[in-house]
Amino acid sequence: MIFLSVIALTAMMNPQEAAKPALTCSVLGIAATDGGPAVDYKGVRYALCCAMCQATFQKDPMAAINSDKAKGKTIGTFMFDPVSGARITDALSKSWEDYKGVRYLFLSGDEKNTFDATPDKYIAIPAKEALFCPVEKEKLSGYAAAGSYRDYNGVRYYFCCSNCPTDFEKKPADYAKVAADYVMAPKAIIPAAEKKAEAAFEPTTFTCKHCGRQITLNSASDANETCSACGCGKKNSDCKG
């Protein structure tokens, strides 16, 4: 009995050493399928139990999130470290915490300590977002394609990598103008739909007909993003010579 109590106490002191509890499908209130259907919304990946629940969630995300069956349960995982804003996965996380229905992952114990001091500050999400990197002028296919984010004037701007926020913070107003056409209310994204399109794409490299530099398209989303070679404003696929 004493031995079991020590184990329980250790897990409470260091939650990273305790197994993460299973997530709950917010639509039916039962255990979500591990690695199964999911919907990404406002930077959170909501785990579900089946394709029917996935469709229901996508149709009205807020109804599913606020349903009675979701109360008191953890129904999704935030896809970014809420303190640094950097993209994160289970493999990269050093610590985690379930808070108000969402599982938050942290790149270090310091980030978790900062979060714990004022958690509501870090879970606040603006009403508008832009899945478009204003620094590199690249459209992002979804939250999973973003490397980080920053909030500015009521908008969450997602970036293609973790380096772009540094440039953004130097002149946010200017970069906000670059992304103005991409600012909109969050939309539910089904990850599986993205993967299917990516799987059917064959990588290719060609010379940009506008600037002569090499462009490599590694995915379907790359083909639809704004050309980053010369900044001509056209899709990468339109720059083929």
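The lining of the largest pocket in this predicted model is a mixed one: 13 of its residues are nonpolar, 6 are polar and 7 are charged. That pocket has a volume of about 690 Å³. If you want to find its middle on screen, look for Leu23, Asp34, Gly35, Arg45 and Thr77, which are the closest to its centre of the 26 residues that line the pocket. Two or more lining residues come from each of β2 (44-47), β3 (76-78), β5 (102-106) and α8 (191-199). Among these, α8 gives the most, with 3 residues.

A word of caution goes with α8. Over residues 194-199, pLDDT stays under 50, and the model has 7 contacts beyond four places in sequence for this stretch. Where pLDDT is low, the predicted coordinates should not be read in detail.

Now to the second largest pocket, with a volume of about 380 Å³. Which residues lie nearest its centre? They are Tyr46, Ile65, Lys100, Val102 and Ile125, out of 21 that line the second largest pocket. At least two lining residues are supplied by each of β2, α3 (61-65), β5 and α5 (119-123). Here is how the two pockets look side by side.

| Pocket | Volume | Lining by class |
|---|---|---|
| Largest | about 690 Å³ | 13 nonpolar, 6 polar, 7 charged |
| Second largest | about 380 Å³ | 14 nonpolar, 3 polar, 4 charged |

Next, the interior. In soluble globular proteins, nonpolar side chains tend to be buried together. In this model, the largest nonpolar core has 33 residues, and Phe57, Phe80, Tyr104 and Tyr158 touch the most other members. Elements that each bring at least two residues to this core are β1 (38-41), β2, α2 (51-59), α3, β5 and α5. The largest share, 3 residues, is from β5. A second core, separate from that one, has 12 residues, including Cys133, Cys164, Tyr175 and Ala176.

It is worth following β5 through the picture: this strand gives two or more residues to the lining of the largest pocket, supplies at least two to the lining of the second largest pocket, and provides the largest share of the largest core.

Finally, how far can you lean on the model? The protein chain averages a pLDDT of 86, and 81% of the residues score at least 70. Besides the stretch within α8, there is another to treat with care: residues 1-17 keep a pLDDT under 50, and the model has 8 contacts beyond four places in sequence for them.

Conventions:
Residues numbered from 1 in each chain as written. Predicted model: local features only at pLDDT ≥ 70, side-chain atom pairs only at ≥ 80, totals over all residues. Heavy atoms only, no water. 1 Å grid on protein atoms, 1.4 Å probe; cavity = no way out; pocket = protein on both sides within 12 Å on 5 of 7 lines; lining within 4 Å. Points joined across faces, edges and corners; volume = space filled by probe spheres on them. Helix = DSSP H or I, 4+ residues; strand = E, 2+ residues; numbered from the N terminus. Nonpolar A, V, L, I, M, F, W, Y, C, P; charged D, E, K, R; others polar. Core = buried A, V, L, I, M, F, W, Y, C linked by side-chain atoms within 4.5 Å. Buried < 20%, exposed > 50% of the residue type's maximum accessible area, 1.4 Å probe, protein only. pLDDT = per-residue confidence, 0-100. Contact = heavy atoms within 4.5 Å.
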